[in-house]
Amino acid sequence: MKPYCLMLSHGNMAIETLKSGEMIAGKQSTILALSFSENDSVESLRDEVNKIIESHVNDQLIVMVDLHGGTPFNTVVNHVLKAKNIKLMTGLNLPLLLEYIFSSHEDLDELSKHLELVGQDSIHILDAVHDTDDEIEF
């Protein structure tokens with residue numbers, strides 16, 4: 001079975017990224033998204049994360065967060081250091097989520113390494129082509 005996925009972010013990024021992913025790929029039963037807003041306490045986020053992680057103690061779990069060193073990251077990092085069934089990834093984005101959704105990897109280590117490579121390759125720069133008037137086809 002594919003590892004479960006927990007997405008965490010500042011603001012609504014995780015929830016909205018999941019909505020976008022589901023708009024493209026359909027409803028997902030292995031993904032949960034939590035947001036940390038300015039009105040939330042660190043303790044309430046930590047409590048929610050702890051409940052989710054405890055409910056998946058016998059499952060593989062990949063956690064995607066928006067920012068290394070931010071509050072969502074910090075609420076998970078101690079779990080990762082203690083458990084072999086959890087991987088923590090930073091740089092949450094839609095291409096990363098879609099790759100998780102469509103990936104056939106069922107092993108946590110293989111999936112996390114694959115997602116790391118995809119994440120690193122998901123940023124592209126397109127600039128003006130100065131030497132041609134031809135249109136680019138995609």
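Helices in this tour are DSSP runs of H or I with at least four residues, strands are runs of E with at least two, and both are numbered from the N terminus. The model you have open is a predicted one.

**The whole chain**

Begin with the whole chain displayed as a cartoon, where you can find five helices and four strands, arranged from the N terminus on in the order β-α-β-α-β-α-β-α-α. The C-alpha trace spans about 55 × 35 × 30 Å along its principal axes. Of the 138 residues in the chain, 37% are buried. If you consider the contacts with a separation of 6 or more, 72% of them are between residues 24 or more positions apart.

**Helix 1**

Next, select residues 13-25, which form helix 1, a run of 13 residues that reaches 18 Å from its first C-alpha to its last, close to the 18 Å expected at 1.5 Å a residue. Now show the side chains of A14, T17, L18 and E22, together with G21, since these five positions are the buried ones in helix 1. They lie on the same side of helix 1, because the arc that they cover around the axis is only 135 degrees. What do the buried residues of helix 1 pack against? Add strand 1 (4-10), strand 2 (31-36) and helix 4 (94-102) to your view, as these are the elements that they pack against. Then step to G26, the residue that follows helix 1, and check its phi, which is positive, near 90 degrees.

**H56**

Move on to H56, which you will find in the loop between helix 2 (42-55) and strand 3 (61-65). Is H56 buried or exposed? Its relative accessibility is 17%, and buried means under 20%, so H56 counts as buried. To see what surrounds this residue, show Y4 and N85 as well, with which H56 is in contact when its neighbours within four places in sequence are left aside.

**The largest pocket**

Finish at the largest pocket, whose volume is about 270 Å³. Select L88, M89, S112, L115 and E116, which are the closest to its centre among the 14 residues that line it. Which elements each supply at least two residues of this lining? They are strand 4 (86-90) and helix 5 (108-120), and helix 5 gives the largest share, with seven residues. If you colour the lining of the largest pocket by residue type, you should find four nonpolar, six polar and four charged residues.

Key. Residues are numbered from 1 along each chain as its sequence is written. This is a predicted model: local features need pLDDT of at least 70, side-chain atom pairs count only at pLDDT 80 or more; totals for chains, interfaces and linings use all residues. Side-chain values use heavy atoms; hydrogens and water are left out. The expected span of a helix is 1.5 Å times one less than its number of residues. Buried means under 20% relative accessible area, exposed over 50%, partly exposed in between (1.4 Å probe, protein chains only). The arc is that of the directions from the helix axis to the C-beta atoms. Contact means heavy atoms within 4.5 Å. On a 1 Å grid over the protein atoms alone, a cavity is a set of points where a 1.4 Å probe fits but cannot get out, and a pocket is an open set with protein on both sides within 12 Å along at least five of seven lines; lining residues have an atom within 4 Å of a point. Grid points are joined across faces, edges and corners, and a volume is the space filled by probe spheres set on the points. Ala, Val, Leu, Ile, Met, Phe, Trp, Tyr, Cys and Pro count as nonpolar, Asp, Glu, Lys and Arg as charged, and the others, Gly among them, as polar.
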